[in-house]
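Trainee: I'm new to this one and would like a close look at a single part. Could you walk me through the aromatic rings?

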Amino acid sequence: MSNELTFDDFLKVDIRAGTVVDAQPYPEARRPAIKLWVDFGDEIGVRKSSAQITDHYTPETLIGRQVMAVVNFPPRQIGKFMSEILVLGASDDKGGIVLLAPDHKVPNGSRMH
């Protein structure tokens, strides 16, 4: 288990639901990855990310899927691609990443509580 944090610390992390509106292969990445564009609604808009999720997903299967992501990290350069969000996932028993998502559709931009 990680270090404990306070509830105020938790509230600083802005985790929102969004819908993947575009996904493209990222063959230039050091590890296999997919470039994602995720719509978080009018307040935040579309943000992009690079995710190492090729064990379970292809770009075609991601479009229209809702995901959860941290939207208040500073942008980070991933190779030649600027990642603006951190899409959340968990490792399966073989180390492949499985995306975290709402189990019912929610409005884009909905904040995790």
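Trainee: In which helix do Phe7 and Phe10 both lie, and how many residues apart are they?

Mentor: Some ground rules come before the rings. This is a predicted model, where local features need pLDDT of at least 70, side-chain atom pairs count only at pLDDT 80 or more, and totals for chains, interfaces and linings use all residues. Residues are numbered from 1 along each chain as its sequence is written, and side-chain values use heavy atoms, with hydrogens and water left out.

Now, your two Phe residues: both are in helix α1 (residues 7-12), 3 residues apart, or about one turn of the helix. Helices here are DSSP runs (H or I, at least four residues), strands likewise (E, at least two), numbered from the N terminus. The ring centres of Phe7 and Phe10 are 5.9 Å apart with the planes at 35 degrees, so this pair is tilted. Rings of Phe, Tyr and Trp (its six-membered ring) pair if their centres lie within 6.5 Å; planes under 30 degrees apart are stacked, over 60 edge-to-face, the rest tilted. Phe7 is exposed at 59% relative accessible area, while Phe10 is partly exposed at 28%. Buried means under 20%, exposed over 50%, and partly exposed in between (1.4 Å probe, protein chains only).

Next, Trp37 and Phe81 make an edge-to-face pair, 5.7 Å centre to centre with 85 degrees between the planes. That pair links distant parts of the chain, 44 residues apart: Trp37 is in strand β2 (residues 34-39) and Phe81 in strand β6 (residues 81-83). Phe81 is buried at 7%, whereas Trp37 is partly exposed at 23%. Together with Tyr26, they form one aromatic cluster.
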